[in-house]
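The following exercises are intended for a reader who is new to this structure. Please attempt each task before reading its solution.

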Amino acid sequence: MSDFNKSSLSEIVNLIKSKKVSSLEVTNHFIKNVEKSKKLNSFITTCFEESVKNAKQFDSKKNFDGLLSGVPLAVKDLFCTKNVKTTAGSKILENFTPTYESTVTRNLWSEGAILLGKLNCDEFAMGSSNETSYFGNTINPVGKDLVPGGSSGGSASALAANLTPATIGTDTGGSIRQPASFTGTVGLKPTYGLCSRWGIVAFASSLDQAGPMTKNVEDCALLLEAMSGHDEKDSTSINKKNEKYSKNLNEKIKGLKIGIPKEYRIENMPKEIDSLWKKGIDILKNSGAKIVDVSLPHTKYALPTYYIVAPAEASSNLARYDGVKYGYRSKKGKNLIEMYENTRGEGFGDEVKRRIFIGTYVLSSGYYDAYYLKAQKVRRLIKNDFDKCFKNVDAILTPSTPSSAFKIGEKTNDPISMYLNDIFTVPVNLAGIPAISIPAGQDEKGYPLGLQLITKALDEQKVLNIAFAMEKSIDFKQSLNRWWE
Amino acid sequence: MEKQKFDYFIKTEKNNWEVIIGLEVHAQVISESKLFSGSSTKFGAKPNTQVSLVDSAFPGMLPVINQYCIEQAVKTGLGLNAKINLLSIFDRKNYFYADLPAGYQISQYKNPIVGEGSLTLDMPYGSKKVGIERLHLEQDAGKSIHDLSPDNTFVDLNRSGVALMEIVSKPDLRSPDEVNAYVKKLRSIMRYLKTCDGNMQEGSLRADVNVSVRKKGDKSFGTRCEIKNVNSIKFMEMAIDSEAKRQVELLESGKKIDQETRLFDTKKNETRSMRSKEEAHDYRYFPDPDLLPLKIEQNFIDNLKKKLPELPDEKKDRFIKKFKLTSYEANLLVSEVNISKYFEEVIKNSDIKLAKNWITGDLFAVLNEKNLDIKDSPVTPKNLSSLINAISSGEISGKIAKKVFEIMVETGDEPNKIIKEKKLKQQSDPKELEKIVSKVLKDNSDKVLQYKSGKEKLYGFFVGEAMKLSGGKANPKLLNDILKEKLRK
């Protein structure tokens with residue numbers, strides 16, 4: 001059997017398509033990896049019996065045309081999967097099994113992929129370290145006391161540890177890019193509306209966007225191509241033709257103008273982040289791109305804006321978890337109100353409750369104008385900043401995170417410092433534009449660090465191409481000794 | 001008809017109080033499927049059989065607007081001479097209740113699809129224009145059923161997500177009668193437009209009633225109370241009257257009105273407090289991020305405008321002009337679209353005056369008695385038209401016609417068939433009538449003498465006798481002519 005741990009998603013697809021290996025062989029390999037890696041706690045649910053059955057069924061097919069032919073994939077447990085438990089990392093959905101399949105995962109399966117299992121995440125995708133999950137924190141394969149980032153922490157951990165050849169996450173304020181940065185992997189948040197939100201457990205509807213998490217940029221293009229597409233069932237889905245991101249991937253970036261926003265040079269930024277950024281700039285220069293200083297003046301308001309808009313939407317989105325129709329219901333309580341209070345009190349974790357409180361507060365009459373409405377106006381200004389910027393440059397380069405992966409428990413009692421982790425990623429969600437994080441180096445402890453590339457809406461091909469070119473020059477290598485097995 | 005004077009005031013020893021009323025009518029949109037999902041909206045299905053994953057708010061489910069409901073709302077707006085807003089926004093109204101699966105209702109708050117408009121009421125004291133503040137689209141909630149079990153509440157989500165139009169009037173109404181006329185006019189317009197069936201028993205039309213009082217002549221409004229969810233016109237009238245009296249009593253005894261939401265107890269005929277202003281829900285409205293702002297093209301509105309049917313006011317004007325009806329008669333005939341259709345069908349081939357009298361007289365009486373809608377009338381327009389023609393042509397008398405009509409109501413038969421079978425055809429043969437008259441005069445020769453000596457009152461007696469002898473079938477005009485002729489000799 002080949003060692004698929006060294007293979008990329010694209011390589012595995014080619015091996016299966018050319019019948020050099022069977023889907024079953026690949027599937028069994030990853031099942032074994034998962035079984036040996038319980039320490040990481042990156043899976044909430046596995047469905048190996050089904051995976052094996054589907055792999056066998058795939059191998060007996062004549063048609064191997066799908067973009068993801070016969071590849072087993074684990075996905076973040078925020079995507080509803082038909083007949084497979086979907087928890088969103090919460091006690092309140094601990095035993096919830098959807099009767100329906102999210103559009104994005106259905107797209108994967110119709111391209112030939114096979115579901116391997118459901119990956120751990122922060123509860124309702126609220127968190128930056130995967131520590132808010134009801135199913136326990138996930139460990140970063142980079143180091144046994146490190147968080148993998150969040151909220152797609154289980155996805156990043158499983159990917160870095162080769163428990164899945166690629167995966168998908170969701171990104172509301174950095175939930176794909178920050179864990180990618182913390183684990184030395186590639187993560188892309190597409191333009192808002194490129195991937196359907198139908199069937200994804202909602203956190204903040206105007207910000208949530210599903211995206212690929214992969215080992216390299218080529219895989220990222222391939223997976224994005226497979227998962228994206230217009231969906232009539234999502235009113236915010238963009239109606240446009242699907243693009244061939246993988247076929248059109250190239251590293252020709254000569255002459256492109258790349259902006260460096262001065263507002264991202266924040267106070268007390270670790271030196272290694274600064275030098276990583278410089279390294280990125282040099283690489284782009286050497287590839288023939290032009291570097292331009294740009295300004296995004298409203299950047300400093302992005303985090304406070306985000307922490308009004310996202311909790312506001314969340315407080316409303318999570319109202320449906322009330323114990324009446326599905327999910328957890330407390331046995332305590334004499335009447336409807338008490339049943340609600342006990343169900344939600346027992347069913348939600350602290351971080352989720354905190355955000356429901358904030359969201360409820362900022363939407364309350366008398367506070368709406370001062371908070372929510374003001375935040376929406378600032379959000380518009382942040383978007384205008386980017387729009388203006390992209391009149392002059394093709395892309396923007398920033399660090400992905402202000403630090404490398406931190407220690408488990410280090411920030412759990414300090415939500416503000418936890419929130420600050422998203423400082424470079426959040427503006428992108430507020431503006432609804434695409435951004436990719438690629439591994440670009442290591443800090444002195446050897447922990448991976450990522451760089452973020454941002455483009456205007458629907459410029460996914462360009463952001464992928466620039467990342468592709470940079471990836472070649474960076475030649476990032478991460479060898480993990482599989483200490484967890 | 002002579003104009004009456006408006007006179008609805010709560011009269012006390014000290015004052016005359018004017019009652020100010022505004023209505024928020026919830027009208028269920030006629031549509032096959034719900035506002036944001038494909039589930040059926042049919043009334044009366046088994047509980048929870050018309051519920052999609054969207055209606056029951058499963059994780060990750062998203063609303064998609066039903067284009068047809070937008071059309072219906074715009075049509076209704078046009079029928080109310082209202083401004084159609086090219087941009088409107090769906091908001092979430094957040095509150096917890098067991099029959100509200102998502103924990104929020106999708107509604108329109110600051111930017112409704114329809115803005116200001118108006119409709120005109122025909123009151124005994126003249127016509128009155130009532131302002132419409134706005135019309136917006138929103139989802140209905142499910143239904144909580146509390147009386148099936150002592151310990152449990154059951155929830156039926158069939159209604160959850162059904163499209164409603166909330167139509168808000170300006171505080172322009174001044175009496176229960178005006179409210180009655182307003183609701184009926186609004187319902188009539190929506191029935192003409194086929195945008196709401198107005199069936200109050202099935203709950204497809206219900207209203208929240210805002211009531212306040214002020215001393216006659218005062219310019220500023222008093223504090224209002226909202227009476228929630230009143231589901232019949234009669235109850236609206238009762239609720240307003242009792243609420244207005246309650247408010248007057250409070251004010252006259254030096255107390256204040258608290259702005260609050262009240263419920264009408266139909267058994268006790270009184271309103272009682274449901275929740276005070278302090279207890280009022282904070283609905284935390286905000287634009288629904290799952291839905292884009294609703295943009296409508298002017299073109300879309302223009303096309304709907306072109307296809308708009310003739311509405312009650314226009315029809316009334318036409319009836320008055322074309323058919324020489326009085327305003328009162330025209331009102332009777334246009335108040336319901338089905339009545340106007342029936343009328344227009346009958347007069348295609350028959351006398352207008354007779355048609356009007358028969359429809360608003362005998363037919364309405366029968367329908368009322370049998371509690372039937374005119375579209376279910378046992379007497380079809382075609383049959384009524386035949387009956388009227390039989391009268392016009394002299395084939396039967398008006399009196400016989402009543403007899404035929406009765407049989408038509410019972411059997412649904414065609415009148416000519418009834419006339420033939422029952423031998424009810426009018427006797428119009430002069431020779432036959434002469435025979436009858438001669439016999440009557442001969443049999444009553446003493447009375448003929450009295451008549452000729454001046455007792456002219458006896459004339460009616462001769463007519464009656466002759467009619468009796470003909471079995472009621474004698475052509476009255478011809479009979480008169482012959483009788484007069486004979487008596488003159």
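The exercises below concern helix packing, burial and backbone geometry in a predicted model.

**Exercise 1.** Determine how helix 2 and helix 3 of chain A are oriented to each other, and which residues make their contact.

*Solution.*
- Step 1. Two packed helices are described by the angle between their axes and the distance between the axes.
- Step 2. The axes of helix 2 (residues 23–36) of chain A and helix 3 (residues 48–59) of chain A come within 8 Å and cross at roughly 165°.
- Step 3. Angles over 145 degrees count as roughly antiparallel, and helix 2 of chain A is therefore roughly antiparallel to helix 3 of chain A.
- Step 4. The crossing of these two helices is right-handed.
- Step 5. Helix 2 of chain A contributes A:Ser23, A:Leu24, A:Thr27, A:Asn28, A:Ile31, A:Val34 and A:Glu35 to the contact. From helix 3 of chain A come A:Phe48, A:Ser51, A:Val52, A:Ala55, A:Lys56, A:Phe58 and A:Asp59.
- Step 6. Sorted by class, the contact of helix 2 with helix 3 of chain A has seven nonpolar, four polar and three charged residues.

**Exercise 2.** Helix 7 of chain B packs with helix 5 of chain B and with helix 9 of chain B. Describe each packing by angle, handedness and contact residues.

*Solution.*
- Step 1. For helix 5 (residues 312–323) and helix 7 (residues 337–346) of chain B, the axes come within 12 Å and cross at roughly 25°.
- Step 2. Since angles under 35 degrees count as roughly parallel, helix 5 and helix 7 of chain B are roughly parallel to each other. Their crossing is left-handed.
- Step 3. On helix 5 of chain B, the contact is made by B:Lys315, B:Arg318, B:Phe319 and B:Phe323, and on helix 7 of chain B by B:Ser340, B:Phe343 and B:Glu344. This contact of helix 5 with helix 7 of chain B has three nonpolar, one polar and three charged residues.
- Step 4. For helix 7 and helix 9 (residues 381–392) of chain B, the angle is about 45° and the axes are 8 Å apart. Helix 7 of chain B is therefore oblique to helix 9 of chain B.
- Step 5. The crossing of helix 7 and helix 9 of chain B is right-handed.
- Step 6. Helix 7 of chain B takes part through B:Tyr342, B:Glu345 and B:Val346, and helix 9 of chain B through B:Pro381, B:Leu384, B:Ser385 and B:Ile388. By class, the contact of helix 7 with helix 9 of chain B has five nonpolar, one polar and one charged residues.

**Exercise 3.** Compare the end-to-end span of helix 12 of chain A with the expected span, and list which of its residues are buried.

*Solution.*
- Step 1. Helix 12 of chain A covers residues 369–389, which gives 21 residues.
- Step 2. At 1.5 Å a residue, 30 Å is expected; from first C-alpha to last, helix 12 of chain A reaches 29 Å, close to that value.
- Step 3. The buried residues in helix 12 of chain A are A:Tyr372, A:Ala375, A:Val378, A:Arg379, A:Ile382, A:Asp385, A:Phe386 and A:Cys389.
- Step 4. An α-helix has 3.6 residues a turn, so residues three or four places apart point the same way.

**Exercise 4.** Are A:Tyr307 and A:Thr183 buried or exposed, and what does each touch?

*Solution.*
- Step 1. A:Tyr307 lies in helix 9 (residues 302–317) of chain A. Its relative accessible area is 10%, so A:Tyr307 is buried.
- Step 2. Leaving aside residues up to four places away in sequence, A:Tyr307 touches A:Arg355, A:Ile358, A:Tyr419 and A:Asp422.
- Step 3. The C-alpha atom of A:Tyr307 is separated by 10.0 Å from that of A:Tyr372, 65 residues apart along the chain.
- Step 4. A:Thr183 belongs to helix 6 (residues 177–183) of chain A. With 0% relative accessibility, A:Thr183 counts as buried.
- Step 5. With residues up to four places away in sequence again not counted, A:Thr183 touches A:Asn140, A:Val142, A:Pro148, A:Ala156, A:Ser157, A:Ala160, A:Pro448 and A:Gln478.

**Exercise 5.** Place B:Ala57 and B:Lys194 in chain B, and state the phi value and accessibility of each.

*Solution.*
- Step 1. B:Ala57 sits in the loop between strand 2 (16–28) and helix 1 (67–79) of chain B. Phi of B:Ala57 is near 55°, a positive value in a residue other than glycine.
- Step 2. The relative accessible area of B:Ala57 is 2%, so B:Ala57 is buried.
- Step 3. B:Lys194 is in the loop between helix 2 (176–193) and strand 11 (205–215) of chain B. Its phi is near 60°, again positive in a residue other than glycine.
- Step 4. B:Lys194 has a relative accessible area of 53% and is therefore exposed.

Terms used. Residues numbered from 1 in each chain as written. Chains lettered and ligands numbered in written order. Predicted model: local features only at pLDDT ≥ 70, side-chain atom pairs only at ≥ 80, totals over all residues. Heavy atoms only, no water. Axes fitted to C-alpha atoms, helices over the stretch in contact; angles between N-to-C directions. Helix = DSSP H or I, 4+ residues; strand = E, 2+ residues; numbered from the N terminus. Parallel < 35°, antiparallel > 145°, perpendicular 65-115°, else oblique. Left-handed = near helix turned anticlockwise from the far one by under 90°. Contact = heavy atoms within 4.5 Å. Nonpolar A, V, L, I, M, F, W, Y, C, P; charged D, E, K, R; others polar. Expected span 1.5 Å × (residues − 1). Buried < 20%, exposed > 50% of the residue type's maximum accessible area, 1.4 Å probe, protein only.
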